[in-house]
Amino acid sequence: MADTQQVDAKAERKVARLAKQISAFSKEHGGAEGQLAHIGERGTRIVLVGEDGGWGDLVAPSHDIAEKAVEKSGITVHEEFDGEFAAKVKTGPYEWSRMAGLQLGGPANG
């Protein structure tokens, strides 16, 4: 039973840490929305989009931890990264050069 309590305590600390990071991102960007994306054995990616168009992501070790973290942070979570949600993302020269480099088959210079 002690092992279960240790695992639960560790998971709760991770939830709290992620929620704090999500809240900080939201505060910095005038609010935020998110979307959870399963990335296999590595866990779940929490994609964040700020009201100002800024974006970022965090990785949670499990979908359950990701769900609890976004719930605790209070942000709106979308089921999909659809066109309307994606349109809120603002990209700059760095992102465009990275995308161009990846499309051309190599790393972008930048």
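Visitor: What is the relative accessibility of K68?

Guide: This model is predicted: local features need pLDDT of at least 70, side-chain atom pairs count only at pLDDT 80 or more, and totals for chains, interfaces and linings use all residues. Residues are numbered from 1 along each chain as its sequence is written, while side-chain values use heavy atoms and leave out hydrogens and water. Buried means under 20% relative accessible area, exposed over 50%, and partly exposed in between (1.4 Å probe, protein chains only). K68 counts as partly exposed, with a relative accessibility of 36%.

Visitor: Which side chain meets K68 in a salt bridge?

Guide: A salt bridge needs a side-chain nitrogen of Lys or Arg within 4 Å of a carboxyl oxygen of Asp or Glu. K68 lies in helix α2 (residues 63-73), and its partner sits in that helix too, four residues apart, about one turn. The N to O distance is 3.3 Å, and the partner is D64.

Visitor: How many helices and strands does the protein have?

Guide: Both are DSSP runs numbered from the N terminus: helices are H or I, at least four residues, and strands are E, at least two. Read along the sequence, the pattern is α-β-β-β-α-β-α-α. The total is four helices and four strands.

Visitor: With which residue does R45 form a salt bridge?

Guide: R45 lies in strand β2 and its partner in strand β3, so the pair ties together parts twelve residues apart in sequence. R45 is partly exposed at 30% relative accessibility. The closest N and O atoms are 2.6 Å apart, and the partner is D57.

Visitor: In what sense do strand β2 and β3 pair?

Guide: Two strands pair if DSSP finds at least two bridges between them. In β3, V59 is the bridge partner of R45. The hairpin has four residues between the strands, and there G53 takes a positive phi near 95 degrees. Strand β2 (residues 44-50) and β3 share six bridges, and their sense is antiparallel.

Visitor: Along strand β3, which side chains are buried?

Guide: In a regular strand, side chains alternate between the two faces of the sheet. Strand β3 (residues 55-60) does alternate: W55, D57 and V59 point to one face and are not buried. D57, for instance, is partly exposed at 39%. Pointing to the other face, the buried ones are G56, L58 and A60.

Visitor: Which residue forms a salt bridge with K88?

Guide: K88 lies in the loop between α3 and α4 (93-103) and its partner in strand β1 (residues 32-38), so the pair ties together parts 55 residues apart in sequence. K88 is partly exposed at 33%, whereas the partner, E33, is buried at 9%. The closest N and O atoms are 2.5 Å apart, and the residue is E33.

Visitor: How far apart in space are T76 and E33?

Guide: T76 is found in strand β4. In sequence, T76 and E33 are 43 residues apart. Their C-alpha to C-alpha distance is 4.9 Å.

Visitor: Which residues form the negative surface patch?

Guide: Patch residues have over 30% relative accessible area (Shrake-Rupley method, 1.4 Å probe, only the protein chains shown as cover) and no salt bridge; like charges are joined within 9 Å, nonpolar side chains (Val, Leu, Ile, Met, Phe, Trp, Tyr) within 5 Å. Lys and Arg count as positive, Asp and Glu as negative, with His and the chain ends not counted, and the charge is placed at NZ of Lys, CZ of Arg, CG of Asp or CD of Glu. One member, E80, is exposed at 56%. The negative patch is formed by E67, E71, E79, E80, D82 and E84.
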